[in-house]
Every structure is written in structure tokens, then in C-alpha cells.
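Colleague: Before I rely on the labels attached to this model, could we go through them one at a time, setting each value against its cut-off?

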Amino acid sequence: MTPERPGCPTCEKAVPADGGFRPFCSSRCKMVDLGRWFQGKYFVPGESAFALDPEEFEEHVRRLEDNERAKQAEDGGDPEPDA
Ligand SMILES: [Zn+2]
């Protein structure tokens with residue numbers, strides 16, 4: 001009877017029961033997964049979005065999206081018909 005422990009979501013290696021980065025096997029895998037997640041949503045090179053609270057981060061993303069929209073409006077031509 002071995003309790004089934006899911007492996008690291010990033011590399012699928014077994015995660016040590018006393019690992020400090022569970023469910024990940026290491027901080028590296030944790031960051032890889034977070035990075036993947038954030039890239040799907042928004043990726044800001046050079047900014048440490050990882051250090052933000054989820055709430056702060058959401059506000060941050062909202063602000064960036066507003067900027068993006070304002071920039072597109074400035075450019076005049078919006079290639080994507082996204083009203
Ligand atoms: Zn891993």
C-alpha cells in the first residue's frame with residue numbers, strides 16, 4: 001500500500017515528501033510552471049511579476065491591458081475587429 005503521490009507537474013519526477021516546493025520537485029520546476037502559466041496570460045520581460053500578490057498581479061495585468069488598448073487606439077488601425 002503506497003499512497004499515490006503525484007509527481008512534479010513540470011518534470012513528472014517523484015516529489016520528496018518533505019520537499020519545500022511541493023507539488024513541484026524544486027524551485028526551478030515551480031518557476032517553470034508559473035512562467036508557463038503567466039506566459040499564457042501575460043508575459044512582462046524584465047518585470048518580476050512573480051513577486052506580486054495574485055490580487056496585485058491581476059490589477060497589474062488589467063493596467064497593462066488598458067495600456068495596450070490605449071496604444072492600439074493611438075495607432076488608429078486595429079487589425080483585429082475586436083469591439
Ligand atoms: Zn520537477
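Colleague: Why is K71 called partly exposed?

Modeller: In this predicted model, K71 has a relative accessible area of 48%, and since buried means under 20% and exposed means over 50%, the value for K71 falls in between and the residue counts as partly exposed.

Colleague: What makes the pairing of K71 with E68 a salt bridge?

Modeller: The closest N and O atoms of K71 and E68 are 3.9 Å apart, and because the cut-off between a side-chain nitrogen of Lys or Arg and a carboxyl oxygen of Asp or Glu is within 4 Å, the pair qualifies as a salt bridge. The two residues are three residues apart in helix 2, which means about one helical turn separates them. E68, with a relative accessible area of 34%, is also partly exposed.

Colleague: How many salt bridges does the structure hold, and how do you know that R69 and D66 form one?

Modeller: The structure holds two salt bridges. For R69 and D66 the distance from N to O is 3.4 Å, and as the limit is within 4 Å, the pair is therefore counted as a salt bridge. R69 and D66 both lie in helix 2, residues 54-75, three residues apart, about one turn of the helix. In general, side chains of opposite charge can pair when their charged atoms come close.

Colleague: Are R69 and D66 described as buried, partly exposed or exposed?

Modeller: R69 has 53% relative accessibility, so with the limit for exposed at over 50% it counts as exposed, whereas D66, at 42%, is partly exposed.

Colleague: What makes the site of the zinc ion tetrahedral?

Modeller: The zinc ion is coordinated by the SG atoms of C8, C11, C25 and C29, at 2.3 Å, and a donor must be an N, O or S atom within 2.8 Å of the metal, so these four sulfur atoms qualify as donors. The angles among the four donor atoms are 104 to 116°, and because four donors count as tetrahedral if all angles lie between 85 and 135 degrees, the site is given that name. For comparison, the ideal angle for four tetrahedral donors is 109.5 degrees.

Colleague: Where do the donors fall along the chain?

Modeller: They follow the spacing C-x2-C-x13-C-x3-C. C8 lies in the segment before helix 1 (27-41) and C29 in helix 1, 21 residues apart, and the pair links distant parts of the chain.

Colleague: How do you know whether C8 and C29 are buried or exposed?

Modeller: The relative accessible area is 1% for C8 and 2% for C29, and since buried means under 20%, both residues are buried.

Colleague: What does the side chain of T10 reach?

Modeller: T10, which has its place in the segment before helix 1, reaches the backbone oxygen of C29 with its side chain at 2.9 Å, and because a polar contact requires a pair of N or O atoms within 3.5 Å, that distance satisfies the cut-off. Leaving aside residues up to four places away in sequence, T10 touches F24, C29, V32, D33 and R36.

Colleague: Why is K13 called exposed?

Modeller: K13, in the segment before helix 1, has a relative accessible area of 55%, and since exposed means over 50%, the label applies. Residues up to four places away in sequence not counted, K13 touches G7 and C8.

How values were computed: Residues numbered from 1 in each chain as written. Predicted model: local features only at pLDDT ≥ 70, side-chain atom pairs only at ≥ 80, totals over all residues. Heavy atoms only, no water. Donors = N, O, S within 2.8 Å, 3.2 Å for Na, K, Ca; no water. Tetrahedral: all angles 85-135°; square planar, octahedral: opposite > 155°, others 65-115°. Helix = DSSP H or I, 4+ residues; strand = E, 2+ residues; numbered from the N terminus. Buried < 20%, exposed > 50% of the residue type's maximum accessible area, 1.4 Å probe, protein only. Polar contact = N/O pair within 3.5 Å; in protein donor to acceptor, adjacent residues only side chain to side chain. Contact = heavy atoms within 4.5 Å.
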